[in-house]
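Let's take a walk through this protein chain together. Have the sequence and the model side by side, and follow along as we go.

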Amino acid sequence: MTRSKYNRRKRKRLHLGEYQQFGFNVMLKLKDGMTNDEHNNFFDKIIDIAEEYGLMTGGHGINPITVYFMPITRTDSLTQYKANKILSILKLLDEVIETEHTELFDCWNTTEKYWNDIDKWENEIKQKWIK
């Protein structure tokens with residue numbers, strides 16, 4: 001076992017090691033011509049999915065939209081298994097035409113470069129879907 005330079009209490013406060021929490025982003029291309037009510041109902045479905053897995057969610061955009069999922073509690077983390085289940089559910093929704101997603105990322109210890117890479121990723125996907 002590798003020794004950390006931080007004690008357990010410090011790792012917990014900094015969300016390091018066994019206290020890391022992971023999340024992921026998903027871009028969703030939705031069917032065209034959705035009404036405001038259909039959009040609202042769709043976002044309710046996203047919230048229901050997040051709550052079912054004990055996660056919080058948010059996002060931005062109209063079409064395509066970017067949605068993130070991350071843990072609500074300090075003691076939970078999103079696993080690859082949960083992420084795959086959520087992606088499977090999203091792909092089955094009638095409103096969703098196409099999906100793209102990021103790998104799991106550390107919710108607390110990301111860098112500005114990471115978020116710049118996410119912005120670039122979003123723009124690349126949008127350009128691909130516009131063609």
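Where does P64 lie? You'll find P64 in the loop between β2 and β3. Keep in mind as you look that this is a predicted model. The peptide bond that joins N63 to P64 is cis, with an omega of about 5 degrees. On either side of that loop are two strands that run antiparallel: β2, covering residues 55–61, and β3, covering residues 65–71, with seven bridges between them. The connection is a hairpin, and three residues carry the chain across from β2 to β3. Right by the turn, G61 stands opposite I65 in β3.

Now step back and take in the whole chain. There are four helices and five strands, and starting at the N terminus you meet them in the order α-β-α-β-β-α-β-β-α. The chain has 131 residues, and 35% of these count as buried. Its accessible surface adds up to about 8,800 Å², with carbon and sulfur atoms making up 51% of that. How far apart in sequence are the residues that touch? If you take contacts between residues at least 6 apart in sequence, 67% of them join residues at least 24 apart.

Next, let's go inside. In soluble globular proteins, nonpolar side chains tend to be buried together. Here the largest nonpolar core has 21 residues, and the ones with the most contacts inside it are F24, L28, F42, F69, I86 and L90. Several elements feed into this core: β1 (22–30), α2 (36–52), β3 and α3 (80–92) each supply at least two residues. So β3, which you just met as a partner of β2 in the hairpin, turns up here again as a contributor to the core.

Two residues of this core are good places to stop and look around. Take F24 to begin with. Leaving out its neighbours within four places in sequence, F24 has quite a list of contacts: V67, Y68, F69, L78, A83, I86, L87, H101, T102, E103, L104 and F105. Then there is I86, which sits in helix α3. Is I86 buried or exposed? With a relative accessibility of 0%, I86 counts as buried. Not counting residues up to four places away in sequence, I86 touches F24, I49, Y53, L55, F69 and L78. One of these, Y53, is 33 residues from I86 along the chain, yet their C-alpha atoms are separated by 8.4 Å.

Time to turn to charges. Side chains of opposite charge can pair when their charged atoms come close. How many salt bridges does the structure hold? There are three. One of them pairs E95 with K45, with their closest N and O atoms 2.7 Å apart. E95 lies in the loop between α3 and β4 (96–101), while K45 belongs to helix α2, so this pair ties together parts that are 50 residues apart in sequence. The two partners also have their own surroundings: E95 counts as buried at 9% relative accessibility, whereas K45, at 31%, counts as partly exposed.

Another salt bridge brings together the side chains of K128 and E100, at 2.8 Å from N to O. This one also links distant parts of the chain, since K128 is in helix α4 and E100 is in strand β4, 28 residues apart. K128 is partly exposed, with a relative accessible area of 44%.

The remaining salt bridge is between K113 and D117, again with 2.8 Å from N to O. Both belong to helix α4, and because they are four residues apart, about one helical turn separates them. K113 is exposed, with a relative accessible area of 55%, and D117 is partly exposed at 32%.

Let's finish with a charged residue that has no such partner. E122 has its place in helix α4, which spans residues 112–130. Although E122 is buried, it has no salt bridge. Which side chain of opposite charge is nearest to E122? That is K126, 4.8 Å away, and a salt bridge calls for a nitrogen within 4 Å of a carboxyl oxygen. Instead, looking past residues up to four places away in sequence, E122 touches M27, H60 and T66.

Methods. Residues numbered from 1 in each chain as written. Predicted model: local features only at pLDDT ≥ 70, side-chain atom pairs only at ≥ 80, totals over all residues. Heavy atoms only, no water. Buried < 20%, exposed > 50% of the residue type's maximum accessible area, 1.4 Å probe, protein only. Contact = heavy atoms within 4.5 Å. Areas by Shrake-Rupley, 256 points an atom, 1.4 Å probe, with all protein chains shown as cover. Pairing = 2+ DSSP bridges. Core = buried A, V, L, I, M, F, W, Y, C linked by side-chain atoms within 4.5 Å. Lys, Arg positive; Asp, Glu negative; His and termini not counted.
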